[in-house]
Amino acid sequence: MSQPQHPVESPENVAPASPEEALAAAAVAEVDALAALTNEVAELKAQNADLAEQFLRAKAEAQNTQRRAEDEMAKARKFAVEGFADSLLPVLDSLEAGLSIQEASVQQIREGAEATLKQLQSALGRNKVVAIAPAAGEKFDPAQHQAISMVPAEQPANTVVAVLQKGYLIAERVLRPALVTVAAPK
């Protein structure tokens with residue numbers, strides 16, 4: 001015949017036999033809770049240290065990126081005119097060559113000046129410098145023209161009568177407005 005089995009008693013199911021045992025069980029539970037909280041604090045400290053390190057690395061990377069960008073901007077400003085100056089060097093060479101000829105005729109000087117002017121116009125064109133030279137009768141544009149005077153003329157009012165000095169655009173921005181006289185209202 002088999003004997004009846006007794007349920008296995010676990011520490012949670014066992015009622016403490018005495019108040020001392022109850023205090024001991026409570027102390028064990030508190031120690032276990034304290035150990036769990038200590039482990040959690042240690043994990044949070046490790047996670048905090050990891051996040052702090054990630055933050056410092058990201059901050060350093062941002063500072064390095066900003067410094068590189070500032071360096072590149074400084075170099076761009078410093079050497080912005082390098083291409084423009086390079087395109088003007090042949091003009092300088094032509095002027096120096098023309099001036100080195102001691103016994104040049106008026107015709108030679110004129111031909112040299114015309115060739116040099118073409119070189120200069122070509123260099124300006126390559127660098128997006130465009131002349132503003134409105135034709136007579138063209139409407140006055142205060143964004144590109146500067147009126148020196150208004151004169152009576154046989155053309156509509158507020159139109160260009162004559163260009164006294166060409167203006168120039170650089171990449172569609174006014175570098176110098178054209179100096180013009182404008183037809184006065186009748």
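## Briefing: salt bridges, a sheet and a core

At a relative accessibility of 37%, Glu114 falls in the partly exposed class. This is a predicted model, and Glu114 is a handy way in, since its salt bridge to Arg110 leads on to the helices. After that come a three-stranded sheet and a nonpolar core of six residues.

**Salt bridges**

- The count comes to four salt bridges; here are three of them, taken one by one.
- Glu114 pairs with Arg110, and their closest N and O atoms sit 3.3 Å apart. Both belong to helix H3 (residues 106-126), where they are four residues apart, or about one turn of the helix. Arg110 is exposed, at 54% relative accessible area, because the cut-off for that class is over 50%.
- Arg67 and Asp71 join side chains at 3.7 Å, N to O. This pair lies in helix H1 (residues 19-78), again four residues apart and about one turn of the helix. Arg67 is partly exposed at 42%, and Asp71 is partly exposed at 37%.
- Arg68 bridges to Glu61, with 3.5 Å between the closest N and O atoms. Relative accessibility is 38% for Arg68, which makes it partly exposed, and 44% for Glu61, also partly exposed.

**The open sheet**

- Three strands line up in the order E1-E4-E5 as an open sheet with antiparallel pairing. E1 (129-132) and E5 (173-176) are the edge strands: each has a single partner, so one side of each has no neighbour in the sheet. From one strand to the next, the twist averages 35°.
- Strand E4 (residues 167-170) pairs with E5 over three bridges, in the antiparallel sense. One residue to look up is Leu169, whose bridge partner in E5 is Val174.

**Core and surroundings**

- The largest nonpolar core is made of Ile132, Val160, Leu169, Ala178, Val180 and Val182. Strand E6 (residues 178-183) supplies the largest share of this core, with three residues.
- Leu169 therefore turns up twice: it belongs to this core, as a buried residue joined through side-chain atoms, and it is the bridge partner of Val174.
- His145 lies in strand E2 (residues 145-151) and is buried, with a relative accessible area of just 4%. Its contacts include the core members Ile132, Val160, Ala178 and Val180, and among the others are Pro134, Glu138, Lys139, Phe140 and Pro177.
- Val160 touches His145 and Val180, and its contacts also include Pro134, Ala135, Ala136, Gly137, Glu138, Phe140, Gln155 and Thr181.

Note on methods: Residues numbered from 1 in each chain as written. Predicted model: local features only at pLDDT ≥ 70, side-chain atom pairs only at ≥ 80, totals over all residues. Heavy atoms only, no water. Helix = DSSP H or I, 4+ residues; strand = E, 2+ residues; numbered from the N terminus. Buried < 20%, exposed > 50% of the residue type's maximum accessible area, 1.4 Å probe, protein only. Contact = heavy atoms within 4.5 Å. Pairing = 2+ DSSP bridges. Axes fitted to C-alpha atoms, helices over the stretch in contact; angles between N-to-C directions. Core = buried A, V, L, I, M, F, W, Y, C linked by side-chain atoms within 4.5 Å. Lists of a residue's contacts leave out its neighbours within four places in sequence.
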